[in-house]
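Please look over the model below. The report picks out local backbone features and one helix.

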Amino acid sequence: MITALLVANRGEIACRIFRTCRELGISTVAVYSDADAGALHVREADTAVRLPGTAPADTYLRGDLVVAAAHASGADAVHPGYGFLSENAGFAQAVLDAGLVWVGPPVKAIELMASKTRAKELMAAADVPLLAPVDPASATVADLPLLLKAAAGGGGRGMRIVRELAALPAELTAASAEAASAFGDGEVFAEPYVERGRHVEVQVMADGQGTVWALGTRDCSLQRRHQKVIEEAPAPGLDDGLRRTLHDAAAAAAQAVGYRGAGTVEFLVSAEGRPYFLEMNTRLQVEHPVTEAVFGLDLVALQLRVAEGEALPAAAPPEPAGHAVEARLYAEDPARDWQPQTGALLTFDVPDEPGIRLDTGYTGGDTVGVHYDPMLAKVIAHAPTRTEAVRLLARALERARIHGPVTNRELLVRSLRHPDFTEVRLDTGFYDRNLAALTAATPGHEEARRLAATAAAIAAAAGAGSGPGPARLGAWRNLASQPQTRSYRAEPDGTAYEIAYRTGRDGTPAPGSGERVLAARPDAVTLETAGVTRHFTVTTHGDRAYVDTAAGSYAFTALPRFTDPAERTEPGSLLAPMPGTVVRLADGLGPGAAVEAGQPLIWLEAMKMEHRILAPASGTLTALHATPGLQVEVGALLAVVQDAPAPAPAHQEETTP
């Protein structure tokens, strides 16, 4: 019987596992890096053990330190969560050798599925449909497009799409280097790339008595950089025959490796409805909550039960009910090439309503750092039908109050309401086709944001000169006082707003742009315009004002403010777009080197992602301040390119290491 469980992970998955442990009467142990000393998973655990350092390689990836932490804290079991050491057979064996209970699959199953190439051989023997591998050395134009993948890992790392044969050697080299950096194994294989394919997976749960449950399907087709963004269960639009094929193949895959515990078998489904085995993830998945919602199960509780040697509660799983959709909320800017964001998460409030579930590792007041994945939370909606679940999730995200770093919240809302999603035209190229439209301003956006800026100015003025109570007005204006102005810069695009208003004899401000003020106080404003009443909630942190409305949220910086670092540097300067570590430079890069516009010059690693700093224009590198291993802050000068016509500001592209 497990009495104390150590979770060898961090963030939302650690918090989620702790929640089940509390319900089962199991005490909890957290491990944490120095960067996570004040993190939510540390605060929620009964006991916490420090892993000195900040980098994952020095902390969460140190299996020896995790095992030592289990002994030091009195834990008798270890749950790996997902990521980090969750699919590391050596770590699983070390846990068992230390006399601890391993809450995961058998070591042999992890080993067999750890290499995608070996896994495909096993699946072929078990008659599981799969894509035939392509030998890159003998690939021809007829084999294109190809997908290069790392054999030893996932998450989009080491993955490349090759559409031109001439690009294959360079892409193989780059993919192998990324794979070696991320997983310590540079093996890369190639397979046909299926255009407009859907990512569909099957959750399996198996016990040690021979029972295997296939817990329905999930669609995870909406992905950015080969990483999932929106997932749902069951996968919509599949006929019964295809569902049976997927269920049977997943069960066969689990049985082929003697599986035990929770796992996921992933497939690519072509536009013609043909399924192909991709891989088996020998762990709990990020998207497991949608399966839990539909089947009414706690998969972590079942993992613990199986780890204790118990059987699954029945020969067959319960009947599914309804539909569930999950959205991954990231601190990132989709309009700027998915650039991760950092800083204080000042407010974080998602509506707590029937049908809505929040899995998170953050609360308001926490800080989003540079060392780990930028996912803030998963928001899950469950309802009787897909339409209802999608609508419920979009509205919950829309009404959430998230102040601090830029997030992908608006993108998620618009994705959930996009016709391709609502009408089940799903495939992994969704964002390749639609990102520009999804991040562009919508009709009415500018007017809505101007009204939000107006509300910010009215709230600030009300706070500057009024008493503690709200001012409730009878729609007044044309006052005799002199007009005043407040200036704001909208974030993140920098649009400037100058809001003029007058202050009445009772100290309450009114805008000069025609809106009628029905109520005004420092934290809330009600405006009427064109006969429509709108409510604005205003939250101020220093010079930043956050305005939340029923239909959107806006952030403004009160002006004047500090000069942007880019405004203090000479043309052609390459600035660090975020805090991070320089990992490598282009071959032969040095002062005096000739560079071409768009050429990758410097690779910066931050938040588990690798960012390429590109030459802003063709010219000569006149200064180089970046060296491998150098840690830099946002705005740090990395290099200067000159003698180029009309140099543009440096920009960056993001790839996975």
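The notes below cover a helix face, cis peptide bonds and positive phi values.

This is a predicted model: local features need pLDDT of at least 70, side-chain atom pairs count only at pLDDT 80 or more, and totals for chains, interfaces and linings use all residues. Residues are numbered from 1 along each chain as its sequence is written, and side-chain values use heavy atoms, with hydrogens and water left out.

**Helix α5**

Helices (H or I, at least four residues) and strands (E, at least two) are DSSP runs, numbered from the N terminus. Helix α5 spans residues 107-114. Val107, Ala109, Ile110 and Met113 are buried there, where buried means under 20% relative accessible area, exposed over 50%, and partly exposed in between (1.4 Å probe, protein chains only). Seen down the α5 axis, these buried residues fall within an arc of 165°, so they line one face of the helix. The arc is taken from the directions from the helix axis to the C-beta atoms. The cover over the buried residues of α5 includes α4 (89-97), β5 (101-102), α6 (116-125), α8 (240-256) and β13 (275-281). Contact here means heavy atoms within 4.5 Å.

**Cis peptide bonds**

| Bond | Omega | Place of the proline |
|---|---|---|
| Leu144 and Pro145 | about -5° | loop between α6 and β6 (146-150) |
| Glu491 and Pro492 | about 5° | loop between β24 (484-491) and β25 (496-503) |

**Positive phi**

Arg196 is not a glycine, yet its phi is positive, near 55°. Arg196 sits in the loop between β8 (188-192) and β9 (198-206). Its relative accessibility is 48%, so Arg196 counts as partly exposed.

Arg225 also lacks the glycine excuse: its phi is positive, about 55°. The loop between β10 (212-224) and β11 (227-233) holds Arg225. At 24% relative accessibility, Arg225 counts as partly exposed.
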